[in-house]
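Me: Please take a close look at the sheet of this protein chain and at the residues that touch it. I would like one connected account, set against the overall fold.

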Amino acid sequence: MRIGILGTGTLATALAAAWTRAGHDIGIGGRSAERTQAAAKASGAQPRPLPEVAVGADAVLLCVHWEGVADILTAAGAPAGSLAGIPLVDPTNAVEHGVGVLRAEPGRATAQHIAALAPGAHVVKALHLFPSTQWTTPAPSPATVAMCGDDPRALEIVGSLVRDLGGVPAVVGGLDRARQLEEVAGFVIALAFAGVDPQSAIPAVPSSPPGGATAPST
Ligand SMILES: NC(=O)c1ccc[n+]([C@@H]2O[C@H](COP(=O)([O-])OP(=O)(O)OC[C@H]3O[C@@H](n4cnc5c(N)ncnc54)[C@H](OP(=O)(O)O)[C@@H]3O)[C@@H](O)[C@H]2O)c1
């Protein structure tokens, strides 16, 4: 696939490298030409100016700090429709670091905010829960990547990109569930900063088969 990456930081570079290794053609761009070159060199991706990142892409990853989301989407032409019809992966965490409180407006997911800034894009919330190192070092067991979105084809494409990272995709619902997934990141970050292993705070409950009628009781 052709994957466009908006952002040149730690997670953008890690995912660019992993998807390059999986055989995809990655174009990467950020607001700094110098950092774009460095991220491309480190990951094997092609450096691209922001207006060209989404051109011809099968999927686009939006991978910047929350404060930069509107700026980079604008520079990539998203408000004018450059991402229309394209799966747009959103791994951003608008979380108060160390506290875990979401900085997005109450009741609305950042993924929904992003969808409003990128008309026609098929936003998929995914890849926001695991640190970048999950995708750069061999994991002892595959990570389940909880994700949500409204477009079935976009979920399929992003699911296959998750599998290319060694993860297992798990769709929890439409974009109206994104706020819940984002709150989970806040929960995980808050516990990690409190010195607690977040996994130890999650009960082991039996899973029901897909479509099964019985929900586990907690
Ligand atoms: N790192 C992880 O393990 C991880 C895991 C899950 C989710 N995430 C999420 O992924 C996103 C990127 O995190 P990161 O750790 O890769 O951050 P990072 O290494 O600090 O990189 C941040 C990126 O955001 C860009 N940026 C910041 N403000 C901007 C603005 N106003 N306009 C345009 N670009 C701007 C930076 O550009 P400059 O270099 O030009 O400043 C850089 O490309 C965040 O939303 C984070 O919550 C990260």
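Reply: The account below begins with the chain as a whole, turns to the sheet, and ends with two individual residues.

The model is predicted. Its protein chain contains six helices and eight strands. Read from the N terminus, these elements follow the order β-α-β-α-β-β-α-β-α-β-β-α-β-α. The radius of gyration of the protein chain is 17 Å, which agrees with the value near 17 Å expected for a compact globule of 218 residues. Along the principal axes, the C-alpha trace extends over about 50 × 35 × 35 Å. Buried residues make up 44% of the 218 in the protein chain. Among contacts with a separation of 6 or more, 65% come from residues 24 or more positions apart. The exposed area of the protein chain is about 10,700 Å², of which carbon and sulfur atoms supply 56%. As for charge, there are 13 positive and 17 negative charges, and their mean positions lie 4 Å apart.

The sheet itself is open and consists of eight strands with mixed pairing, in the order β3-β2-β1-β4-β5-β6-β7-β8. Its edge strands are β3 (46–47) and β8 (168–173), each of which pairs on one side only. Strands of a sheet pair through backbone hydrogen bonds, in either a parallel or an antiparallel sense. Both senses can be followed here in specific pairs.

The parallel case is provided by strand β1 (residues 2–6) and β2, which are joined by five bridges. Within this pair, G4 stands opposite G27 of β2. Four of the five residues of β1 are buried, and the strand is thus mostly covered. Strand β2 (residues 25–29) is likewise mostly covered, with four of its five residues buried.

The antiparallel case is provided by strand β6 (residues 122–125) and strand β7 (residues 144–149), which pair over two bridges. K125 has C148 as its bridge partner in β7.

K125 also leads to a residue outside the sheet. T110, which belongs to helix α4 (residues 110–117), touches K125. Leaving aside residues up to four places away in sequence, the other residues that T110 touches are W66, D90, T92, A94, A104 and E182. T110 has a relative accessible area of 1%, so it counts as buried, the cut-off being under 20%.

The loop between β6 and β7 contains L127. The phi of L127 is near 65°, a positive value in a residue other than glycine. Most residues other than glycine have a negative phi. L127 counts as buried because its relative accessibility is 2%, which is to be set against a cut-off of under 20%.

Taken together, the β6 and β7 region combines an antiparallel pair of strands, a loop residue with positive phi, and a bridged residue, K125, that is in contact with T110 of helix α4.

Terms used:
Residues numbered from 1 in each chain as written. Predicted model: local features only at pLDDT ≥ 70, side-chain atom pairs only at ≥ 80, totals over all residues. Heavy atoms only, no water. Rg over C-alpha atoms; globule rule 2.2 N^0.38 Å. Buried < 20%, exposed > 50% of the residue type's maximum accessible area, 1.4 Å probe, protein only. Contact = heavy atoms within 4.5 Å. Areas by Shrake-Rupley, 256 points an atom, 1.4 Å probe, with all protein chains shown as cover. Lys, Arg positive; Asp, Glu negative; His and termini not counted. Charge placed at Lys NZ, Arg CZ, Asp CG, Glu CD. Pairing = 2+ DSSP bridges.
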